[in-house]
Amino acid sequence: MTTTASYTVTGMTCGHCVTSVTEEVTALPGVTGVEVDLATGGLTVTSEQPVDESAVRAAVEEAGYEVSGR
């Protein structure tokens, strides 16, 4: 079964930002897909099992940005 979770990321301003967030979140165990929308700050995480929200937040913060909502 596949699950999808959506978040809003703040602080992204360019394509490099999108790449950084994508790389960090993709590295989380179980994540099978990551979609980042620069214009809206939308982050969609697809995974085989639900991914812990705190892990997603930590990955986004590692990339240098912040999750402002879900």
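Let's start with one residue. Val 21 is buried, with a relative accessible area of 0%. Val 21 sits in helix 1. Keep in mind that this is a predicted model.

What does Val 21 touch, once residues up to four places away in sequence are set aside? The list is Met 12, Val 36, Leu 43, Val 60, Ala 63 and Tyr 65. Here is a pair to find on the structure. Val 21 and Ala 59 are 38 residues apart in sequence, yet their C-alpha atoms are 7.4 Å apart in space.

Now zoom out to the core. The largest nonpolar core has 19 residues. Val 21 is among those with the most contacts inside it, along with Val 25, Leu 43, Val 60 and Tyr 65. Which elements each supply at least two residues of this core? They are strand 1 (3-10), helix 1 (15-26), strand 2 (31-37), strand 3 (42-47) and helix 2 (53-62). Helix 1 gives the most, with four residues.

Next, Tyr 65. Leave aside its neighbours within four places in sequence. Tyr 65 is then in contact with Val 9, Thr 10, Gly 11 and Met 12. Tyr 65 also contacts Cys 17, Ser 20, Val 21 and Val 60.

Ser 20 is on that list, so let's look at it. Ser 20 is found in helix 1. Is Ser 20 buried or exposed? Its relative accessible area is 14%, and the cut-off for buried is under 20%, so Ser 20 counts as buried. Outside its neighbours within four places in sequence, Ser 20 is in contact with Ala 63 and Tyr 65.

Compare that with Cys 14. Cys 14 lies in the loop between strand 1 and helix 1. Its relative accessibility is 31%. Buried needs under 20% and exposed needs over 50%, so Cys 14 counts as partly exposed. Cys 14 and Leu 38 are 24 residues apart in sequence, and 7.1 Å apart from C-alpha to C-alpha.

On to the strands. How do strand 2 and strand 3 run? They run antiparallel, and six bridges join them. For one pair, look at Val 31, which stands opposite Ser 47 in strand 3. The hairpin of strand 2 and strand 3 has four residues between the strands. In that hairpin, Gly 41 takes a positive phi near 80°.

Now the whole chain. The chain has two helices and four strands. From the N terminus on, the order is β-α-β-β-α-β. The radius of gyration is 11 Å, close to the 11 Å that the globule rule gives for 70 residues, so the chain is as compact as a globular protein of that length. Along its principal axes, the C-alpha trace spans about 35 × 20 × 20 Å.

How much of the chain is buried? Buried residues make up 36% of the 70 residues. The accessible surface comes to about 4,000 Å², and 48% of that belongs to carbon and sulfur atoms. Take the contacts with a separation of 6 or more. Residues 24 or more positions apart account for 61% of them.

Last, the record. UniProt, in an unreviewed entry, places the feature "domain: HMA" at residues 3-68. Over residues 3-68, the chain is 33% helix and 36% strand. The end C-alpha atoms of that stretch are 21 Å apart.

Notes: Residues are numbered from 1 along each chain as its sequence is written. This is a predicted model: local features need pLDDT of at least 70, side-chain atom pairs count only at pLDDT 80 or more; totals for chains, interfaces and linings use all residues. Side-chain values use heavy atoms; hydrogens and water are left out. A nonpolar core is a set of buried Ala, Val, Leu, Ile, Met, Phe, Trp, Tyr and Cys residues joined through side-chain atoms within 4.5 Å. Buried means under 20% relative accessible area, exposed over 50%, partly exposed in between (1.4 Å probe, protein chains only). Contact means heavy atoms within 4.5 Å. UniProt positions are given in the numbering used here, feature names are shortened, and annotations may be inferred rather than shown by experiment. The radius of gyration is taken over C-alpha atoms; the globule rule is 2.2 Å times the number of residues to the power 0.38. Accessible areas come from the Shrake-Rupley method with a 1.4 Å probe; for residues, only the protein chains shown count as cover. Two strands pair if DSSP finds at least two bridges between them.
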